Amino acid sequence: MNHTPDTTAGNGDAFTPQQAAALLDEATWEARRKLVPNPPWVLASRGVLVLAALVAVWLSVRGEHPYTGPTDADIPILIAFIVLNAALAVGFRRRAGAGVRGPSRLRPAEIAIATLAWVAAVALLVALAAAGLSYRLYPTTVLIIPGLTWAVLMMLRKNWRGVYSGASVAVVGAVGLLASPTGAWLVGGVGLCAALLGGAALNARYQRA
Amino acid sequence: MPDDALDPLIHVPTRLKIVATLAALPEGDTLSFTRLQDMIGLTPGNLIIHLRKLEEADYIASEKTRNGTVSLTNVALTGHGRKALDNYTHALRDLLGDHL
(Lines give C-alpha, C1' and ligand atoms only; values in the text may rest on other atoms or scores of the structure.)
Protein backbone atom coordinates (compact mmCIF):
# COMPACT_ATOMS: atom_id res chain seq x y z
CA MET A 1 0.00 0.00 0.00
CA ASN A 2 1.37 3.42 -0.94
CA HIS A 3 1.31 6.11 1.68
CA THR A 4 1.50 9.74 0.69
CA PRO A 5 4.11 11.41 2.91
CA ASP A 6 2.03 13.52 5.26
CA THR A 7 4.16 16.64 4.81
CA THR A 8 3.06 17.06 1.21
CA ALA A 9 -0.04 18.50 -0.38
CA GLY A 10 -0.82 15.10 -1.80
CA ASN A 11 0.75 15.57 -5.23
CA GLY A 12 4.36 15.37 -4.10
CA ASP A 13 4.77 19.15 -3.73
CA ALA A 14 5.27 20.82 -0.37
CA PHE A 15 2.11 21.94 1.40
CA THR A 16 2.39 25.70 1.13
CA PRO A 17 0.84 28.22 3.54
CA GLN A 18 -1.40 29.41 0.68
CA GLN A 19 -2.71 25.89 0.16
CA ALA A 20 -3.13 25.49 3.91
CA ALA A 21 -5.14 28.71 4.14
CA ALA A 22 -7.39 27.65 1.27
CA LEU A 23 -7.87 24.17 2.75
CA LEU A 24 -8.60 25.57 6.22
CA ASP A 25 -11.26 27.90 4.78
CA GLU A 26 -12.82 25.16 2.70
CA ALA A 27 -12.79 22.53 5.47
CA THR A 28 -14.30 24.98 7.98
CA TRP A 29 -17.03 26.04 5.57
CA GLU A 30 -17.77 22.45 4.58
CA ALA A 31 -17.96 21.26 8.20
CA ARG A 32 -20.24 24.12 9.23
CA ARG A 33 -22.44 23.50 6.20
CA LYS A 34 -22.86 19.86 7.16
CA LEU A 35 -23.32 20.44 10.88
CA VAL A 36 -25.68 23.42 10.85
CA PRO A 37 -29.22 22.18 11.64
CA ASN A 38 -30.91 24.75 9.40
CA PRO A 39 -29.04 25.21 6.12
CA PRO A 40 -29.65 28.67 4.61
CA TRP A 41 -31.28 27.25 1.47
CA VAL A 42 -33.75 25.23 3.58
CA LEU A 43 -34.70 28.29 5.65
CA ALA A 44 -35.07 30.38 2.50
CA SER A 45 -37.23 27.69 0.85
CA ARG A 46 -39.42 27.46 3.96
CA GLY A 47 -39.71 31.26 3.89
CA VAL A 48 -40.95 31.22 0.30
CA LEU A 49 -43.35 28.35 1.10
CA VAL A 50 -44.86 30.10 4.12
CA LEU A 51 -45.20 33.32 2.13
CA ALA A 52 -46.98 31.52 -0.70
CA ALA A 53 -49.33 29.63 1.66
CA LEU A 54 -50.37 32.56 3.84
CA VAL A 55 -50.60 35.06 0.99
CA ALA A 56 -52.87 32.53 -0.78
CA VAL A 57 -55.12 32.53 2.31
CA TRP A 58 -55.01 36.34 2.45
CA LEU A 59 -56.00 36.57 -1.22
CA SER A 60 -58.90 34.19 -0.62
CA VAL A 61 -60.29 36.11 2.40
CA ARG A 62 -59.59 39.75 1.52
CA GLY A 63 -62.73 40.07 -0.58
CA GLU A 64 -65.00 38.78 2.21
CA HIS A 65 -67.58 41.24 3.54
CA PRO A 66 -68.22 40.43 6.31
CA TYR A 67 -65.01 38.59 7.08
CA THR A 68 -65.55 34.86 7.77
CA GLY A 69 -61.98 33.58 7.41
CA PRO A 70 -60.67 30.59 5.50
CA THR A 71 -63.18 27.92 4.60
CA ASP A 72 -63.28 24.57 6.37
CA ALA A 73 -61.75 23.05 3.23
CA ASP A 74 -58.69 25.31 3.63
CA ILE A 75 -57.95 24.15 7.18
CA PRO A 76 -56.60 20.67 6.34
CA ILE A 77 -54.35 22.27 3.72
CA LEU A 78 -53.02 24.74 6.29
CA ILE A 79 -52.45 21.95 8.82
CA ALA A 80 -50.70 19.81 6.20
CA PHE A 81 -48.51 22.77 5.37
CA ILE A 82 -47.56 23.27 9.04
CA VAL A 83 -46.78 19.55 9.40
CA LEU A 84 -44.64 19.60 6.23
CA ASN A 85 -42.76 22.64 7.49
CA ALA A 86 -42.16 21.03 10.89
CA ALA A 87 -41.09 17.75 9.26
CA LEU A 88 -38.56 19.60 7.10
CA ALA A 89 -37.13 21.37 10.14
CA VAL A 90 -36.92 18.17 12.23
CA GLY A 91 -35.53 16.12 9.32
CA PHE A 92 -32.68 18.51 8.60
CA ARG A 93 -31.91 18.90 12.32
CA ARG A 94 -31.63 15.12 12.67
CA ARG A 95 -29.45 14.80 9.59
CA ALA A 96 -27.07 17.53 10.74
CA GLY A 97 -26.92 16.06 14.25
CA ALA A 98 -26.12 12.50 13.16
CA GLY A 99 -23.08 11.31 15.12
CA VAL A 100 -22.97 14.47 17.21
CA ARG A 101 -23.25 14.10 20.97
CA GLY A 102 -23.02 16.65 23.70
CA PRO A 103 -24.55 19.81 25.10
CA SER A 104 -25.58 21.30 21.74
CA ARG A 105 -28.19 18.54 21.26
CA LEU A 106 -31.64 19.29 22.56
CA ARG A 107 -32.33 17.51 25.85
CA PRO A 108 -35.55 15.46 26.16
CA ALA A 109 -36.89 18.02 28.66
CA GLU A 110 -36.32 20.84 26.15
CA ILE A 111 -38.06 18.88 23.38
CA ALA A 112 -40.95 18.22 25.77
CA ILE A 113 -41.21 21.93 26.68
CA ALA A 114 -41.16 23.00 23.02
CA THR A 115 -43.86 20.42 22.20
CA LEU A 116 -45.94 21.51 25.19
CA ALA A 117 -45.70 25.11 23.98
CA TRP A 118 -47.43 24.11 20.74
CA VAL A 119 -50.04 22.12 22.69
CA ALA A 120 -50.61 25.16 24.93
CA ALA A 121 -50.98 27.42 21.88
CA VAL A 122 -53.58 25.12 20.34
CA ALA A 123 -55.36 24.80 23.72
CA LEU A 124 -55.46 28.60 23.93
CA LEU A 125 -57.05 28.80 20.47
CA VAL A 126 -59.64 26.20 21.46
CA ALA A 127 -60.39 28.11 24.68
CA LEU A 128 -60.72 31.38 22.77
CA ALA A 129 -63.02 29.70 20.25
CA ALA A 130 -65.17 28.39 23.13
CA ALA A 131 -65.39 31.97 24.38
CA GLY A 132 -66.59 33.08 20.94
CA LEU A 133 -63.23 34.32 19.64
CA SER A 134 -62.44 32.14 16.63
CA TYR A 135 -58.80 31.67 15.61
CA ARG A 136 -59.97 33.13 12.29
CA LEU A 137 -60.01 36.54 14.01
CA TYR A 138 -56.51 36.16 15.51
CA PRO A 139 -54.69 33.68 13.25
CA THR A 140 -51.20 34.67 14.35
CA THR A 141 -51.93 34.10 18.06
CA VAL A 142 -50.73 30.54 17.67
CA LEU A 143 -47.18 31.77 17.04
CA ILE A 144 -46.67 33.72 20.26
CA ILE A 145 -46.33 30.98 22.91
CA PRO A 146 -44.10 28.61 20.87
CA GLY A 147 -41.97 31.53 19.65
CA LEU A 148 -41.41 32.92 23.13
CA THR A 149 -40.77 29.45 24.56
CA TRP A 150 -38.15 28.71 21.93
CA ALA A 151 -36.51 32.11 22.49
CA VAL A 152 -36.27 31.45 26.25
CA LEU A 153 -34.93 27.91 25.75
CA MET A 154 -32.28 29.22 23.36
CA MET A 155 -31.45 32.15 25.65
CA LEU A 156 -30.69 29.67 28.44
CA ARG A 157 -28.27 27.99 26.04
CA LYS A 158 -26.80 31.35 24.93
CA ASN A 159 -27.69 30.33 21.37
CA TRP A 160 -28.32 33.80 19.98
CA ARG A 161 -29.33 32.66 16.49
CA GLY A 162 -31.96 30.46 18.18
CA VAL A 163 -33.12 33.41 20.28
CA TYR A 164 -33.51 35.40 17.07
CA SER A 165 -35.66 32.73 15.43
CA GLY A 166 -37.93 32.28 18.46
CA ALA A 167 -38.29 35.99 19.16
CA SER A 168 -38.97 36.85 15.53
CA VAL A 169 -41.79 34.27 15.35
CA ALA A 170 -43.30 35.68 18.58
CA VAL A 171 -43.03 39.25 17.23
CA VAL A 172 -44.83 38.25 14.01
CA GLY A 173 -47.56 36.71 16.17
CA ALA A 174 -47.89 39.87 18.26
CA VAL A 175 -47.89 42.23 15.24
CA GLY A 176 -50.58 40.07 13.65
CA LEU A 177 -52.79 40.79 16.67
CA LEU A 178 -52.66 44.49 15.84
CA ALA A 179 -53.73 43.93 12.23
CA SER A 180 -57.24 43.33 10.97
CA PRO A 181 -58.27 39.64 10.76
CA THR A 182 -57.70 39.77 6.99
CA GLY A 183 -54.41 41.63 7.30
CA ALA A 184 -53.16 39.20 9.96
CA TRP A 185 -52.77 36.50 7.28
CA LEU A 186 -50.61 38.85 5.24
CA VAL A 187 -48.62 39.88 8.33
CA GLY A 188 -48.09 36.19 9.12
CA GLY A 189 -46.88 35.37 5.59
CA VAL A 190 -44.62 38.36 5.11
CA GLY A 191 -43.39 38.35 8.72
CA LEU A 192 -42.53 34.65 8.86
CA CYS A 193 -40.91 34.82 5.42
CA ALA A 194 -38.78 37.78 6.54
CA ALA A 195 -37.86 35.96 9.78
CA LEU A 196 -36.85 32.81 7.89
CA LEU A 197 -34.87 34.78 5.29
CA GLY A 198 -33.15 36.64 8.16
CA GLY A 199 -32.30 33.29 9.74
CA ALA A 200 -30.95 32.07 6.40
CA ALA A 201 -28.74 35.17 6.15
CA LEU A 202 -27.46 34.68 9.72
CA ASN A 203 -26.63 31.03 9.08
CA ALA A 204 -24.94 31.85 5.76
CA ARG A 205 -22.85 34.48 7.53
CA TYR A 206 -21.92 32.01 10.28
CA GLN A 207 -20.83 29.45 7.68
CA ARG A 208 -18.65 32.02 5.95
CA ALA A 209 -17.21 33.56 9.14
CA MET B 1 8.10 34.53 9.16
CA PRO B 2 9.35 31.10 8.01
CA ASP B 3 7.03 28.20 7.22
CA ASP B 4 8.36 26.29 10.23
CA ALA B 5 6.38 28.67 12.44
CA LEU B 6 3.40 26.51 11.46
CA ASP B 7 2.63 23.65 13.86
CA PRO B 8 3.94 20.60 11.94
CA LEU B 9 1.32 18.39 13.52
CA ILE B 10 -1.52 20.44 12.03
CA HIS B 11 0.29 21.55 8.86
CA VAL B 12 -0.64 18.34 7.04
CA PRO B 13 -3.64 18.42 4.68
CA THR B 14 -5.53 15.52 6.22
CA ARG B 15 -4.93 16.53 9.83
CA LEU B 16 -5.77 20.15 9.04
CA LYS B 17 -9.11 18.94 7.65
CA ILE B 18 -9.74 16.81 10.74
CA VAL B 19 -8.93 19.62 13.16
CA ALA B 20 -10.96 22.20 11.19
CA THR B 21 -13.93 19.82 11.08
CA LEU B 22 -13.83 19.12 14.81
CA ALA B 23 -13.41 22.85 15.52
CA ALA B 24 -16.76 23.46 13.80
CA LEU B 25 -18.50 21.54 16.59
CA PRO B 26 -19.80 23.57 19.52
CA GLU B 27 -17.49 23.31 22.54
CA GLY B 28 -18.19 20.17 24.57
CA ASP B 29 -19.70 18.23 21.66
CA THR B 30 -18.19 15.06 20.22
CA LEU B 31 -18.42 13.55 16.75
CA SER B 32 -18.67 9.85 16.03
CA PHE B 33 -15.79 8.23 14.19
CA THR B 34 -18.07 7.14 11.33
CA ARG B 35 -19.55 10.62 10.82
CA LEU B 36 -16.08 12.17 10.88
CA GLN B 37 -14.89 9.58 8.38
CA ASP B 38 -17.88 10.38 6.19
CA MET B 39 -17.24 14.12 6.39
CA ILE B 40 -13.50 13.88 5.70
CA GLY B 41 -13.71 11.08 3.12
CA LEU B 42 -10.91 8.90 4.48
CA THR B 43 -10.54 5.17 4.92
CA PRO B 44 -10.92 4.01 8.54
CA GLY B 45 -7.28 2.93 8.72
CA ASN B 46 -5.99 6.25 7.44
CA LEU B 47 -8.23 8.21 9.78
CA ILE B 48 -7.11 6.15 12.78
CA ILE B 49 -3.45 6.88 12.02
CA HIS B 50 -4.04 10.65 11.94
CA LEU B 51 -6.32 10.62 14.97
CA ARG B 52 -3.71 8.71 16.94
CA LYS B 53 -1.07 11.36 16.17
CA LEU B 54 -3.42 14.14 17.21
CA GLU B 55 -4.41 12.29 20.36
CA GLU B 56 -0.79 11.71 21.34
CA ALA B 57 -0.31 15.48 21.23
CA ASP B 58 -3.48 15.97 23.30
CA TYR B 59 -5.10 17.90 20.43
CA ILE B 60 -8.09 15.58 20.39
CA ALA B 61 -9.72 13.27 22.90
CA SER B 62 -11.59 10.10 22.06
CA GLU B 63 -14.00 8.05 24.10
CA LYS B 64 -15.35 4.61 23.41
CA THR B 65 -18.90 3.67 24.32
CA ARG B 66 -20.77 0.43 23.92
CA ASN B 67 -24.21 0.17 22.40
CA GLY B 68 -25.10 -3.48 22.87
CA THR B 69 -22.46 -5.40 20.96
CA VAL B 70 -21.41 -2.38 18.89
CA SER B 71 -18.47 -0.26 20.01
CA LEU B 72 -18.76 3.44 19.18
CA THR B 73 -15.89 5.90 19.16
CA ASN B 74 -16.48 9.61 19.58
CA VAL B 75 -13.82 12.24 19.10
CA ALA B 76 -13.57 15.90 20.02
CA LEU B 77 -11.04 18.69 19.90
CA THR B 78 -9.54 19.40 23.33
CA GLY B 79 -9.00 22.92 24.68
CA HIS B 80 -5.33 22.42 23.89
CA GLY B 81 -6.23 21.41 20.32
CA ARG B 82 -8.48 24.44 19.86
CA LYS B 83 -5.67 26.70 21.05
CA ALA B 84 -3.23 24.98 18.70
CA LEU B 85 -5.58 25.60 15.76
CA ASP B 86 -5.95 29.26 16.81
CA ASN B 87 -2.18 29.63 16.96
CA TYR B 88 -1.86 27.90 13.59
CA THR B 89 -4.45 30.25 12.05
CA HIS B 90 -2.66 33.29 13.48
CA ALA B 91 0.68 32.02 12.17
CA LEU B 92 -0.89 31.55 8.71
CA ARG B 93 -2.29 35.09 8.86
CA ASP B 94 1.11 36.46 9.77
CA LEU B 95 2.71 34.55 6.92
CA LEU B 96 0.15 35.53 4.31
CA GLY B 97 -0.75 39.01 5.47
CA ASP B 98 -4.09 40.09 4.04
CA HIS B 99 -4.44 37.06 1.80
CA LEU B 100 -6.15 34.93 4.48
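Me: How many residues does the contact take from chain A and from chain B?

Reply: The contact takes 24 residues from chain A and 28 residues from chain B, where two residues are in contact if their C-beta atoms, placed from the backbone, lie within 7 Å. This is a predicted model, in which local features need pLDDT of at least 70 and side-chain atom pairs count only at pLDDT 80 or more, whereas totals for chains, interfaces and linings use all residues. Residues are numbered from 1 along each chain as its sequence is written, and chains are lettered from A and ligands numbered from 1 in the order in which they are written.

Me: What makes β1(A) and strand β1 (residues 30-32) of chain B a pair?

Reply: Two bridges join these strands, β1(A) and β1(B), which run antiparallel, and strands (E runs in DSSP of at least two residues, as helices are H or I runs of at least four, numbered from the N terminus) pair if DSSP finds at least two bridges between them. Arg101(A) has Thr30(B) as its bridge partner in β1(B).

Me: Why are α2(A) and α3(A) called roughly antiparallel or roughly parallel?

Reply: The axes of helix α2 (residues 40-61) and helix α3 (residues 74-96), both of chain A, come within 11 Å and cross at roughly 170°; axes are lines fitted to C-alpha atoms, for helices over the stretch in contact, and angles run from 0 to 180 degrees between N-to-C directions. Angles under 35 degrees count as roughly parallel, over 145 as roughly antiparallel, 65 to 115 as roughly perpendicular and the rest as oblique, and α2(A) and α3(A) are therefore roughly antiparallel to each other. Among the residues making this contact are Leu49(A) of α2(A) and Phe81(A) of α3(A).
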